[in-house]
Amino acid sequence: MAENELQFARDRCQTLIDRIHRLPSLATSCSRTLLKLALSELHFLCRSPPPSTLSLSVNVGHLEAVVYLLEQPFVTAVSRVCKPISVSSSSSSSKAFTIHVDVVCTVNKNPVWIIASHRNPKYLSWDLYSKSRIERLLGAARSAQISRPSSILLFFSRGLGDFFLEKICDEFGAFEVDFCEELEGDWINVLQTSYKDSLFLEIKVDRNSECGSMQESVVDSVGLELQEQEEQTKVNLDDDGFCSLISRIKIWSLKAKPDGDLINFDTTALIALVSGISNGCSEKLLATPEIELRQRFKGNVEFVIAQVLSEIQNPIHAELAGVISGKRGMICESVLAEFKELVSLCGGSNEKLRADKILKCLMVVPDSPSERVMWLPTTRKLALKNKVVFGTGDHWHAPTLTANMAFVRAVSQTGMSLSTIEHRPRALTGD
């Protein structure tokens, strides 16, 4: 291979390594895997004697395509990158097997597996390679319990020939998706020039979605209650910051079914909304004598003061406004029961009033955790009650707004991609 070609390949590797270091919000384990692969590629290209043209690895292009995907704003909650997934077959007589997946993540609030191909479309073989690989992928996805995706996304960075495209659409029900159409605000020009011929195909793992019928039955069953809540919410909203904030939540309506605008609130999120710390009591708490604070909060004084200082520096209502504005809020029955109990035991009169108001803006749904979340082992870090709450959000394809990052990290460590939105914690103060 000519020295200038070899140097160009090395430069590509170095640029790739720099891009990996700049990837936003990627788990350390995922970054480590990508860096290991990129460095291995660079070492291969720098070895002596230099590799020949015929032996030049093609992994640089593939890794570039994977990193490009991770840079896109529609790829969120990445839990696994360029690693095989162990899948247990639904048949008790069959052993577990592994399948390679480039990215396990969430796209449009749905768990997906992404496979990237950087091969020249002229050399893609349907009968000898690609068909069997897709069949194996779909079989693994349908058998997966913990990491089960709703769809498989195939990213062909160099495009796809007409014959291959027709085959994959006819035999697997694949369809083309264009994420450029779903961008908002400053998200423009997603497809770089180097990927101008690229193609995204989506294959649904289960053709019949269970979520739609679930939503319809639940909304119908509480129709009168929702109409009543809507009228109550419109009346007597004070002009304070809390009421201004919750007025941004879109009211549920029988005429409009949820369309990707759902947010699942866990108990920590509801507490943060109604807490006195979030609603103007921070300065008052700082001025309270320490002995009184210790009588009031026992061993949690430092925890509360840290939240007060955080609130003064960065008010949480401003943070949450951008998250919940224009969204429909939901909670499951378990969250409703826990929240009411905590407010009853620890909340002051103002916090109880705010709790009543926020509940009038939210839809209460039955505990209905997704099967894949319930397949997670129940441990100290993966408590059953949290699996129910987050799993219900997953079932409804709604990200869960939470401060419970210990649970989120524990889920990520299993390889599952779960759609969540983090907020800073707040405590009830008796305000």
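Let's start with strand β2, residues 97-107, which is mostly covered: eight of its eleven residues are buried. Please keep in mind as we go that this is a predicted model.

So what does β2 pair with? On one side there is β1, and nine bridges join β1 to β2, with the two running antiparallel. To find a spot on screen, go to Val87, whose bridge partner in β2 is Phe97. β2 also pairs with strand β3, residues 110-117, again in the antiparallel sense, over five bridges. Here you can look for Val103, whose bridge partner in β3 is Ile114. β2 and β3 form a hairpin with two residues between them. One residue to click on in that turn is Asn108, which has a positive phi of about 55°.

Now let's step back to the whole sheet. Six strands form an open sheet, in the order β1-β2-β3-β4-β6-β5, and the pairing is mixed. Which strands stand at the edges? They are β1, residues 75-87, and β5, residues 175-176; each has a single partner strand, so one side of each is left without a neighbour in the sheet. Further along the order, strand β4 (residues 151-156) and strand β6 (residues 199-204) pair in the antiparallel sense over six bridges. In that pair, Ile152 has Ile203 in β6 as its bridge partner.

For the wider view, the protein chain has 18 helices and eleven strands. Of its 431 residues, 48% are buried. If we take contacts between residues at least 6 apart in sequence, 76% of them join residues at least 24 apart. The chain exposes about 21800 Å², and carbon and sulfur atoms supply 51% of that area.

Let's go inside. In soluble globular proteins, nonpolar side chains tend to be buried together. Here, the largest nonpolar core has 50 residues, and Phe265, Phe339 and Ile358 have the most contacts inside it. Which helix gives the largest share of this core? That is helix α9, residues 267-274, with six residues. Helix α9 is itself mostly covered, as seven of its eight residues are buried. Among them are Thr267, Leu270, Leu273 and Val274.

Let me pick out Ile358. Leaving aside residues up to four places away in sequence, Ile358 touches Phe242, Ile246, Ile249, Leu270, Leu273, Val274 and Phe339. Apart from this core lies another, of 39 residues, including Cys13, Phe44, Cys105 and Ala116.

Next, a pair of helices. Helix α11 (residues 290-297) and helix α12 (residues 301-313) pack at an angle of about 110°, with their axes 9 Å apart. The two are therefore roughly perpendicular to each other. Where they meet, Leu293, Arg294 and Phe297 come from α11, while Val301, Glu302, Val304 and Ile305 come from α12.

I'll finish with two single residues. The first stop is Leu262, in strand β7, residues 262-265. Is Leu262 buried or exposed? Leu262 is buried, with a relative accessible area of 3%. Its C-alpha atom is separated by 5.9 Å from that of Gly329, although these two residues are 67 residues apart along the chain.

The other stop is Ser370, in the loop between β9 (362-365) and α16 (371-374). Ser370 is buried too, at a relative accessible area of 7%. What does Ser370 touch? Not counting residues up to four places away in sequence, Ser370 touches Gly391, Thr392, Asp394 and His395.

Conventions. Residues numbered from 1 in each chain as written. Predicted model: local features only at pLDDT ≥ 70, side-chain atom pairs only at ≥ 80, totals over all residues. Heavy atoms only, no water. Pairing = 2+ DSSP bridges. Helix = DSSP H or I, 4+ residues; strand = E, 2+ residues; numbered from the N terminus. Core = buried A, V, L, I, M, F, W, Y, C linked by side-chain atoms within 4.5 Å. Buried < 20%, exposed > 50% of the residue type's maximum accessible area, 1.4 Å probe, protein only. Contact = heavy atoms within 4.5 Å. Areas by Shrake-Rupley, 256 points an atom, 1.4 Å probe, with all protein chains shown as cover. Axes fitted to C-alpha atoms, helices over the stretch in contact; angles between N-to-C directions. Parallel < 35°, antiparallel > 145°, perpendicular 65-115°, else oblique.
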